[in-house]
Amino acid sequence: MAFFSNKQVRLKRLGLVFIAVSGLTILLLLIPSLWGEYARILLFTILLYVTMALSYDVVGGLLGYLYLGHGLFFGLGAYTTALALKHSQPLVLALLLAACLVLPAAALLSLPLFRLHGAVFALATLGLLLLGGQLTSNLSWLTGGAAGLSLPPNHDPMLTYILSLILSLTVVGLHWLLCGSRLGLKLSSIRESEEMAESVGINCAQVKRLALIFSAVPAALAGGLHAREISFVIPAEAFGLENSLAPLLMCLLLKPGTTWGPLLGALILSAAQEFIWTTVPSFRLSLYGVLLIFIGIQRARRS
């Protein structure tokens, strides 16, 4: 009897979660038509922030690596999608091409990267981000160089918004499942002690490779949607340091390694950035510096 009672409670909880998610999805779909283009652009930006924060958390939170190269995959996804759109490919196919490019790239990069640890790993990932921007600037015959690529006008902005909503909800759901899965437990074990994880039979190299892939693909899709939204992509923006710092701050702001922590962090930072954009836009990047100092002080006190 107790088994059936517990099963009924779980089913009720799942039903309530399904109703809440369905209601939120319907509301997010209606808001652009009720409040106009500004609301659509704001929500689109927030949805991409949520995607970037939770995808970063797989490596930066669950695995516990200080990771400064998340923007590399955002930039690769942006340029792959932009090039496909320039050749008259539909948006969905362009995004699939971006994911197909980034998946093996992340798998290959994981081989040398995860031989490094700590600050050396962080600096190596930052170097890859800078290298991606430099290569994109130099390959002007393909990428347009520092001048960037101009895309055809986005005649269906609601499609971009709906795809960003689908991506964000999918990433939230997958991250929540990952936190409670055996793979999530392995990631947490490696974060606590890699030597101990290896001693109990965890294949650390394989687990870390999967973590980087799960982190990279959503970031690439977010980059592709951003390129389609603004109809323009340049190396300084696609591979900008902001695309790595923002997810890091969203992840570390509350509780990394959980779904709710990066999710709320993304909402808080989005609100703060929007306030700064509309009041003192010159201080937008200063926000990252202030938050980094604040997080560093808090972590120093805890340790």
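Contact is taken here to mean heavy atoms within 4.5 Å. The structure is a predicted model, in which local features need pLDDT of at least 70 and side-chain atom pairs count only at pLDDT 80 or more, whereas totals for chains, interfaces and linings use all residues. Residues are numbered from 1 along each chain as its sequence is written, and side-chain values use heavy atoms, with hydrogens and water left out.

The chain contains 14 helices and 2 strands, these being DSSP runs (helices H or I, at least four residues; strands E, at least two) numbered from the N terminus. Of its 303 residues, 46% count as buried, where buried means under 20% relative accessible area, exposed means over 50%, and partly exposed lies in between (1.4 Å probe, protein chains only). Among the contacts in the chain with a separation of 6 or more, 77% are accounted for by residues 24 or more positions apart. The chain exposes about 15600 Å², of which carbon and sulfur atoms supply 72%; accessible areas come from the Shrake-Rupley method with a 1.4 Å probe, and for residues only the protein chains shown count as cover.

Helix H2 (residues 37-62) and helix H12 (residues 242-252) have axes that come within 8 Å and cross at roughly 75 degrees, the axes being lines fitted to C-alpha atoms, for helices over the stretch in contact, with angles running from 0 to 180 degrees between N-to-C directions. That makes H2 roughly perpendicular to H12, since angles of 65 to 115 degrees count as roughly perpendicular, those under 35 as roughly parallel, those over 145 as roughly antiparallel and the rest as oblique. The residues of H2 that take part include Tyr49, Met52, Ala53 and Tyr56, and those of H12 that they meet include Ala246, Pro247, Leu248 and Met250. In H12, 10 of the 11 residues are buried, so this helix is largely enclosed by the rest of the structure; among the buried ones are Asn243, Leu245 and Cys251.

A search of the whole structure finds 4 salt bridges, each defined as a side-chain nitrogen of Lys or Arg within 4 Å of a carboxyl oxygen of Asp or Glu. Arg40 and Glu37 form one of them (2.7 Å, N to O), and both residues lie in helix H2, 3 residues apart, about one turn of the helix. Arg40 is buried, with a relative accessible area of 3%, while Glu37 is partly exposed at 42%. The side chain of Arg40 also meets that of Glu229 in a salt bridge (2.6 Å, N to O); because Glu229 lies in helix H10 and Arg40 in helix H2, the pair ties together parts that are 189 residues apart in sequence. Glu37, Arg40 and Glu229 are thus linked in a network of salt bridges.

On the surface, Leu131, Leu135, Leu139, Trp141 and Leu142 form a nonpolar patch with about 520 Å² of accessible area together. Patches are made of residues with over 30% relative accessible area and no salt bridge, like charges being joined within 9 Å and nonpolar side chains (Val, Leu, Ile, Met, Phe, Trp, Tyr) within 5 Å. Trp141, which is found in helix H6, counts as exposed at 69% relative accessibility.

Positive phi values occur in two serines: phi is near 65 degrees in Ser88 and about 55 degrees in Ser231. Ser88, in the loop between helix H3 (70-86) and helix H4 (91-113), is exposed at 65% relative accessibility, whereas Ser231, in the loop between helix H10 (204-230) and strand E2 (232-233), is buried at 15%.
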